[in-house]
Amino acid sequence: MNNWIDLLIILLILSNFVMLGSSRLAVCIRTLAIQGILLGILPLMIDRQDLVLHTTLVSIGALIIKGIVFPWLLFKVLRRIGIRREIEPFVGYVPSLFIGLAGLIVSLYIGSKLDFPAPESVADVIPLSLFSILAGLFLLTTRKKALSMVMGYLVLENGIYAFGSVVLNKVPVIVELGVLLDALVAVFIMGIATYHINREFDHIDVNRLDNLKG
Amino acid sequence: MMTYWSHQSISPVISAIFLAPLLFGVINWIKAFLSGRRGAPWLQPYFDLWKLMRKSAVYSRTTTWIFRAGPLVGLGAILTAAMIMPMGNIPALVSFPGDFVLFAYLLALGRFFTIIAALDTGSSFQGMGASREAYFSALSEPALLLALTAVARRTGSNSLSGMYEVLSSGSWALVSPAMVLVFIAIFIVFLTENARIPVDDPTTHLELTMIHEVMVLDHGGPDLAFINYGAALKMWILGQLLIGIVNPVHTGIMWLNQTISIVVSLSGPAIAVGLIEFSMARLRLKRVPQLLVAAGIFSVLALIMELR
């Protein structure tokens with residue numbers, strides 16, 4: 001059933017748009033959790049005919065780390081710093097959505113040009129992963145709160161993971177798991193850093209960190 | 001230009017013309033029922049229209065012919081749109097390739113005349129309502145057109161009658177993630193075009209928060225009756241647009257088909273709108289564009305999925 005892969009891809013694309021258009025940080029974290037779970041399922045859907053141990057292992061690892069551990073860590077930071085929403089990003093939410101749409105079209109174009117040795121059924125995962133990478137970069141550059149930037153980084157990472165899931169059979173399992181662990185450590189450190197920034201300056205507005213320069 | 005005609009094609013138009021106001025009656029009854037009140041009789045919209053038709057219109061001295069033309073053009077545009085709107089697999093009175101574009105722009109024509117009639121009164125409230133209506137419809141129009149393009153691509157037909165004939169072939173074999181997206185997009189457009197709750201509140205009493213209601217404040221008598229009747233017709237035909245996607249009636253017996261279609265097109269949109277208006281408040285005005293852009297994104301995604 002190709003419909004199921006289509007459905008997953010559509011939901012993943014929509015979750016990126018939710019990340020772009022939502023101002024509430026709690027909504028963003030929940031969306032990220034859903035995205036992580038969907039990404040965990042994605043490789044299992046692609047390789048359903050010849051389900052190998054290696055794919056299953058990486059998928060379950062991704063599902064646990066991206067779908068449960070990251071959101072849990074982010075919610076912990078969110079509770080500690082006590083802010084609810086991103087206020088006044090550099091680009092507003094409706095323009096962000098339009099830019100996201102432009103990014104989607106660009107990634108579809110690049111995806112169609114890219115001559116990539118992938119099976120026919122997963123050809124759509126490549127535009128999806130390019131779009132996730134673009135959306136993650138956009139979130140990283142236009143949001144002001146440190147926590148939103150961490151989430152932008154995670155969307156970017158999810159894009160790279162989706163790209164990897166197409167070629168999962170060819171990448172050694174140790175590399176995949178290593179990347180997942182790297183991301184985990186990164187989120188852990190960023191969470192602690194965000195907490196300390198907040199405790200030191202009473203806000204996590206990255207823009208104002210510029211003032212510290214002597 | 002291909003035009004085809006069949007004797008049963010008269011039924012979508014006839015039922016739209018006579019049953020559309022009943023839709024409002026059913027919605028109001030459902031809302032009253034859900035909140036534990038008894039509610040007005042189902043035929044109340046007809047009584048209201050009859051009352052308005054017997055009154056005479058009052059025109060302000062600052063208005064010109066544009067103000068008087070507004071309700072007429074609005075109703076005319078909607079009636080024309082009703083001619084090309086099929087009812088499930090019953091073809092419309094008139095159909096030709098590309099009529100879905102005409103459909104979208106007939107709605108736009110009616111809206112345009114409502115807007116300039118509102119501006120013609122010179123009232124600042126009406127100007128405000130007109131500006132909001134123009135802004136929101138600029139966002140909802142691409143969503144509608146792209147969604148219909150995706151349906152056209154899916155069904156391989158570019159007239160509304162052809163599209164819905166394929167869609168209501170008696171099974172949900174054509175259902176795909178893309179069609180679900182199309183349905184959501186058209187549903188948001190349906191709520192926007194009919195000025196229903198997440199976008200606009202039809203029962204609000206404060207001019208500052210109104211969108212559609214504030215634009216027709218100066219109309220009275222038969223003009224208001226035309227506007228209200230046009231609104232009912234618009235809701236009926238946009239409801240057909242939605243129901244045609246999800247209701248694959250195909251019994252083989254024509255009169256049974258028609259009865260089921262009529263019952264579903266009366267109850268479906270009425271229950272959906274009634275439940276939404278009962279359970280949620282309208283969105284803040286700043287959030288409405290986000291909802292409409294989301295509808296646009298759904299349509300674009302559906303089109304992309306169909307174009308592959």
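User: Why is A:Leu137 called partly exposed?

Analyst: A:Leu137 is called partly exposed because its relative accessible area is 42%, and the term covers what lies between buried (under 20% relative accessible area) and exposed (over 50%), with a 1.4 Å probe and only protein chains counted. The residue sits in helix α5 of chain A, where a helix is a DSSP run of H or I with at least four residues and a strand a run of E with at least two, numbered from the N terminus. This is a predicted model, in which local features need pLDDT of at least 70 and side-chain atom pairs count only at pLDDT 80 or more, while totals for chains, interfaces and linings use all residues. Residues are numbered from 1 along each chain as its sequence is written, chains are lettered from A and ligands numbered from 1 in the order in which they are written, and side-chain values use heavy atoms, with hydrogens and water left out.

User: What makes A:Leu137 and A:Val106 part of a nonpolar patch on the surface?

Analyst: A patch is made of residues with over 30% relative accessible area and no salt bridge, like charges being joined within 9 Å and nonpolar side chains (Val, Leu, Ile, Met, Phe, Trp, Tyr) within 5 Å. A:Leu137 passes the accessibility condition with its 42%, and it is grouped with A:Val106, A:Tyr109, A:Ile110, A:Leu114 and A:Leu134, about 520 Å² of accessible area together. The elements that give two or more residues to this patch are α4 (93-113) and α5 (125-142) of chain A, and α4(A) contributes the largest share, 3 residues.

User: How do you know that A:Lys66 and A:Glu157 meet in a salt bridge?

Analyst: A salt bridge is a side-chain nitrogen of Lys or Arg within 4 Å of a carboxyl oxygen of Asp or Glu. The N to O distance between A:Lys66 and A:Glu157 is 2.4 Å, so the pair meets the criterion. It links distant parts of the chain, A:Lys66 being in helix α3 (residues 53-81) and A:Glu157 in helix α6 (residues 146-166) of chain A, 91 residues apart. Both partners also count as buried, because A:Lys66 has 2% relative accessibility and A:Glu157 has a relative accessible area of 7%. Over all chains, a search of the whole structure finds 8 salt bridges.

User: Why are the salt bridges of B:Glu193 described as part of one network?

Analyst: B:Arg111 and B:Glu193 meet at 2.4 Å, N to O, and this pair joins helix α4 (residues 99-120) to helix α7 of chain B, 82 residues apart. B:Arg111 is buried because its relative accessible area is 7%, and B:Glu193, at 9%, counts as buried too. B:Glu193 also pairs with B:Lys234 at 3.2 Å, N to O; since B:Lys234 lies in helix α9 (residues 222-246), the pair ties together parts that are 41 residues apart in sequence. Salt bridges that share partners join B:Arg111, B:Glu141, B:Glu193 and B:Lys234 into one network.

User: What makes B:Ser140 buried, and which residues does it touch?

Analyst: B:Ser140 is buried because its relative accessible area is 1%. It is placed in helix α5 (residues 124-155) of chain B, and, not counting residues up to four places away in sequence, it touches B:Val189, B:Thr192, B:Glu193 and B:Leu292, a contact meaning heavy atoms within 4.5 Å.

User: How do you know that chain B and chain A bury area between them?

Analyst: Buried area is the accessible area (1.4 Å probe) that two parts lose on being put together, summed over both. By that reckoning the two chains bury about 1500 Å², of which carbon and sulfur atoms give 78%. B:Pro177, B:Gln290 and B:Ile297 supply 33% of the area that chain B buries against chain A, more than any other three residues. The count of salt bridges between the chains is 0, and 1 residue pair is in polar contact, both residues at pLDDT 80 or more. A polar contact is a pair of N or O atoms within 3.5 Å; within protein, one must be able to donate a hydrogen and the other to accept it, and residues adjacent in sequence count only if both atoms are side-chain atoms.

User: How many residues of chain B are in contact with chain A?

Analyst: In chain B, 17 residues are in contact with 17 residues of chain A.

Methods. Areas by Shrake-Rupley, 256 points an atom, 1.4 Å probe, with all protein chains shown as cover.
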